[in-house]
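Subject: Structure for you to look at

Dear colleague,

I am passing on the structure we spoke about, and below it I have set down what was found. Please read the notes with the model open beside you.

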Amino acid sequence: MLEDLSLLITSYTLLDHMPMGVCVLNDEFEVIYWNNCLETWTGISRSRITGSTIGSYFPHFEEPKYAKRIQSVLDGGPPMVFSSQLHPHIIPAPLPDGRMRIQQTTVTSVRQDQNHGFYALMVIQEVTELFHQIQKYRRMRDQALEENKERLRAEAALATQAEDLKRSNQELEHFAYVASHDLQEPLRKITNFSQLLAKRYQGRLDAKADKYINYVVDGSARMRNLIQDLLAYSRAGSGELVRESTDLEDVLAEMQSDLEMVIRESDAKVTHDPLPTLAVNSGQIKRLLQNLIGNAIKYCDSETPRVHIGAEKKNGDWEFTVRDNGIGMDPKSFERIFLIFQRLHTREEYSGTGVGLAICKKIVEIHGGRIWVESELGAGSSFYFTLPTVNESNLK
């Protein structure tokens, strides 16, 4: 609190150069000092406003909620801060030219002299731009919060759908396993008795009977193969994926041993790049390679089927290629071939149930990779699949 107004007035040069508005009111709310900054902000000259009440130019200061505070200071009360927090209570100050400014005003008492009362020293800070920036920030914050809520709701819904889909897939896999497993026993009886029927009565009945018996034997054999492949497909994605450090060179050697008869009979040539050691399920990767290489040999009309397994590290993952010189396929069939029971050829042309590539896709995807094909009719096929690199220290 300043004890002597003369000290304030003699300091007008300093006050005139302050970067904020400063004015002094007497006990009648009349302006007795108006600095240069206020002249610039408001466009109201000092000579024009001096002697006038502050309310004649800025009516909001005479509103009860503000006038009461100013009067309290004029009575020698403690300083008052109007809207010291940037809050809706900030004073919106309409200027005479119609512009609306946002002010933060601090009012403190200044003693006139020992025999008189107090003046009100008002320090007015222009916070319009800051206020608008904060309001903009608050709108952005509120929008971001709302978008985050929407994102969290969407993620929760997606997680629920994923869990429902996972449960549904597990139920379907379990159903496929149980159904195919339970079908094997009656099918085994049909197969055995149809074979006995063919053995005992083939040629002893008429031609139609022999034809019907052959239909039964062939149909039961195809049904057995179909059920076995369905079981293999359901088992490929069942249970927890157990990874172990696996040398893919050893897996390929085991797979070639299993296909030794097929490779020898077809005079196939199987070559490969150096293969890495990865954290994978060795049994499933062996089945993957066996299906891809077996298909490459089967779907080939060349005298010497040639299959090459390539391996290259890309972006931290391993990309493998199984390239052949087979019959190739129409690009329109690329997506279809990975669906279960989808075949591009009749059983008379090529044997199979249409499950092998579906199993390959399932194995690759549960390992966190993807599989695709590039091919042209008559120009061979290249099957690509990726396997991510897994930190072996995280293995169970």
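Is Leu205 buried, partly exposed or exposed? Leu205 counts as partly exposed, because its relative accessibility is 45%, which falls between the limits of 20% for buried and 50% for exposed. Please keep in mind throughout that this is a predicted model. Leu205 sits in the loop that lies between helix H7 (128-201) and helix H8 (207-236), and together with Leu197 and Tyr201 it makes a nonpolar surface patch of about 260 Å².

Turning from the surface to the interior, the largest nonpolar core has 40 residues, and those with the most contacts inside it are Ile285, Ile293, Phe320 and Phe385. At least two residues of this core come from each of several elements, including helix H9 (248-258), strand S9 (277-280), helix H11 (282-298), strand S10 (306-314), strand S11 (317-324) and helix H12 (356-366), while H11 gives the most, with seven residues. In soluble globular proteins, nonpolar side chains tend to be buried together. If neighbours within four places in sequence are left aside, Ile285 is in contact with Leu248, Val251, Val280, Ile363, His367 and Leu387. Apart from this core lies another, of 20 residues, with Cys23, Val31, Ile44 and Ala120 among them.

Strand S11 also holds Thr321, which counts as buried because its relative accessibility is 8%, under the limit of 20%. Not counting residues up to four places away in sequence, Thr321 touches His308, Ile309 and Gly310, and also Ser382, Phe383 and Tyr384.

The cysteines deserve a separate word. A search of the whole structure finds zero disulfides. Cys23 is buried, with a relative accessible area of 0%, and Cys37 likewise counts as buried, at 12% relative accessibility. Cys300, placed in the loop between H11 and S10, counts as buried too, since its relative accessibility is 13%. Although Cys300 and Gly326 are 26 residues apart along the chain, their C-alpha atoms are separated by 3.9 Å, and the contacts of Cys300, again not counting residues up to four places away in sequence, are with Pro305, Asn325, Gly326 and Ile327.

With best wishes

Methods. Residues numbered from 1 in each chain as written. Predicted model: local features only at pLDDT ≥ 70, side-chain atom pairs only at ≥ 80, totals over all residues. Heavy atoms only, no water. Disulfide = S-S within 2.5 Å. Buried < 20%, exposed > 50% of the residue type's maximum accessible area, 1.4 Å probe, protein only. Patch = residues over 30% accessible without salt bridge, like charges linked within 9 Å, V, L, I, M, F, W, Y side chains within 5 Å. Areas by Shrake-Rupley, 256 points an atom, 1.4 Å probe, with all protein chains shown as cover. Salt bridge = Lys/Arg side-chain N within 4 Å of Asp/Glu carboxyl O. Helix = DSSP H or I, 4+ residues; strand = E, 2+ residues; numbered from the N terminus. Core = buried A, V, L, I, M, F, W, Y, C linked by side-chain atoms within 4.5 Å. Contact = heavy atoms within 4.5 Å.
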